[in-house]
Every structure is written in structure tokens, then in C-alpha cells.
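Let's walk through this one together, question by question. Keep the fold open while you read.

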Amino acid sequence: MSPVDALQDIWEDATTQVVASTLAALVPLAVVVVCLLVPQAWHVVRHVVTIAHEAGHAGVAALLGRQVRGIRLHSDTSGLTTHSGDTKRLPLALTAFAGYPAPAVLGLGAAALLGAGYAFGLLWATLLVLVVVLVFIRNVYGFLVMVVAIGGLGWLAWAGPDPWRVGVAYGVAWLLLLGAVRAVIELHGSRRGAAGKGSDADALARTTRVPGLVWVAVFWLVTVACAAGGAWLMLGDVLGG
């Protein structure tokens, strides 16, 4: 198969609409809830939330004209995005703010695609985002995480059984939406200790002179609103009934 034929097949697959059952959305939701509640499972899947978090920092920094120098992913599921450029307060504040809402906003977008029937398209869009993030990875652990994620999702999107592809698409959306909320709750807990003083909320407090707790509350409101909106988009028929 030529590259042109492969791209055409991918495009046709990505633009194919799928009518998913309510069960197809509820089973992945149950799996994600278990992952959120079991510490060992959360430690693994939290990497997805971290990737989205750092992509948010990097994406907003780039949109504001700052130079993204690199992204690092760490084995404790934390991450770091470095960037340089304009030192004015507004660009710095917007870039710092982008991290925690990013998974929720991406999850809301994913839910919109699923609500429109583009489960396969969501997989290919996610794969594209991962490839772009890979370009900016600057540490070995992060590179390995991204290669595993891209390899696994790439195989699934290309050759996986359709029920599994639909289920994983819904799982990605639920994980981004609910994982974003849990990440904010963890942020609030970590700020009680010295280790949390370097958080995005504290960076915003230093830049804007608005207390970090206020920013944590804003993060929480944004992520909860996105989770509610995403749930409505994916389960609107059930919730409306």
C-alpha cells in the first residue's frame, strides 16, 4: 500500500460516523472510575492527563509567540514544559493557567466528536496530538512513554476491532474529563506541603497577585463544568430521559 493510499484510508476511517450504544459509553466510564479510585491504576493512566496538561502549556505558549524549548515527563507522573520569550505578565499567566484546564477542554472536544459519531476520528486526532507532543519531548522516560502510547494507539486505530476502537475512544474522553478533576483535587492537597509551592496555581499567584487558592478553585470550576458538559454530550439521551 502506498503512503497516499494509506492516508486516504485513514481519512475515510476518521470521517466515518459510528452509532454507538449507551453501553459503549457506560462500560469505559466504569473502567475509568475504577482507574481513578485504584492508586496503582491511576498512577499508570495519569500519564495521559499529564501529557494533555503539558500539551496545554506548550500549545498556549506557542500561540502567544513564546518559544517552546521542550517537554519532560517523569516517572512520578509529573511533567515540565519549558519555554522562553516575552516576560510580560499576561502571556506568562495564560501559559501557566493552560495546564490544568487543558485535559478537561480536550476531553470536552473529544466528547463532542463522540456525540457527533466520530469515534474513529477521535482516535486518529489523539494520535496526531501525541506525535506532535513527541517532537518536543526532551527526556528518555518521556520519550519511552510517548513511543508506547503512539505505538499502542496507532495499532488500535489502524487494525483494532471496531468495538474496541469505540470503547477506547470513549475511555480517552472519560479519562481526560474525570482525570482533570482528580488532578485539581490532588493539586489542592499538594499545596499544603512545601512540594506544592512550585505549582501552576502558585506561579499564577506570583504573576497576578491573586491567591493560589483562588486559581485552584477556578481550575476546579472549569474542569467540573467540562466534565458535566462532556457527560451530557456522550450520554445526553440517557440523562435527558
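Q: How many aromatic pairs does the structure hold?
A: One thing up front: this is a predicted model. Rings count as a pair when their centres lie within 6.5 Å. On that basis, the number of aromatic pairs in the structure is four.

Q: What is the geometry of the F97 and W215 pair: stacked, tilted or edge-to-face?
A: The ring centres of F97 and W215 sit 5.9 Å apart, and the planes make an angle of 65°. The cut-off for this class is over 60 degrees. So F97 and W215 are edge-to-face.

Q: How many residues apart in sequence are the parts that the F97 and W215 pair ties together?
A: F97 belongs to helix 4, residues 89-98. W215 belongs to helix 10, residues 212-240. The pair therefore ties together parts whose separation in sequence is 118 residues.

Q: Which class does F97 fall into, buried or partly exposed?
A: The relative accessibility of F97 is 22%. Buried would need a value under 20%. So F97 counts as partly exposed.

Q: And W215, buried or exposed?
A: Here the relative accessible area is 17%. The limit for buried is under 20%, so W215 is buried.

Q: How is F97 arranged against F219: stacked, tilted or edge-to-face?
A: F97 and F219 form an aromatic pair at 5.4 Å centre to centre, with 40° between the planes. Stacked needs under 30 degrees and edge-to-face over 60. That leaves the F97 and F219 pair as tilted.

Q: Which helices do F97 and F219 tie together?
A: The two residues lie in parts that are 122 residues apart in sequence. F219 itself is buried, with a relative accessible area of 0%. Since F97 and F219 sit in one helix each, the helices tied together are helix 4 and helix 10.

Q: Which residues do ring pairs link into a cluster?
A: F97 pairs with F219, and ring pairs bring Y100 into the cluster too. The full set is F97, Y100, W215 and F219.

Q: How are helix 5 and helix 8 oriented, roughly parallel or roughly antiparallel?
A: The axes of helix 5 (residues 101-115) and helix 8 (residues 162-190) come within 8 Å and cross at roughly 150°. Anything over 145 degrees goes in the antiparallel class. Helix 5 and helix 8 are therefore roughly antiparallel.

Q: How many residues in the contact of helix 5 with helix 8 are nonpolar?
A: Helix 5 brings residues including P103, L106 and L114, and they meet helix 8 residues, among them Y170 and L177. The contact has no charged residues and one polar, and the nonpolar ones number 13.

Q: What is the orientation of helix 2 to helix 8?
A: The axes of helix 2 (residues 22-37) and helix 8 come within 8 Å, crossing at roughly 40°. Roughly parallel would take an angle under 35 degrees. Helix 2 and helix 8 are therefore oblique.

Q: In which hand does helix 2 pass helix 8, left-handed or right-handed?
A: Residues on the helix 2 side include V32 and L36, and they meet helix 8 residues such as W174 and R182. The contact divides into 13 nonpolar, three polar and one charged. As for the hand, the crossing is right-handed.

Definitions and conventions
Residues are numbered from 1 along each chain as its sequence is written. This is a predicted model: local features need pLDDT of at least 70, side-chain atom pairs count only at pLDDT 80 or more; totals for chains, interfaces and linings use all residues. Side-chain values use heavy atoms; hydrogens and water are left out. Axes are lines fitted to C-alpha atoms, for helices over the stretch in contact, and angles run from 0 to 180 degrees between N-to-C directions. Helices (H or I, at least four residues) and strands (E, at least two) are DSSP runs, numbered from the N terminus. Angles under 35 degrees count as roughly parallel, over 145 as roughly antiparallel, 65 to 115 as roughly perpendicular and the rest as oblique. Contact means heavy atoms within 4.5 Å. Ala, Val, Leu, Ile, Met, Phe, Trp, Tyr, Cys and Pro count as nonpolar, Asp, Glu, Lys and Arg as charged, and the others, Gly among them, as polar. A crossing is left-handed if the near helix is turned anticlockwise from the far one by less than a right angle, and right-handed if clockwise. Rings of Phe, Tyr and Trp (its six-membered ring) pair if their centres lie within 6.5 Å; planes under 30 degrees apart count as stacked, over 60 as edge-to-face and the rest as tilted. Buried means under 20% relative accessible area, exposed over 50%, partly exposed in between (1.4 Å probe, protein chains only).
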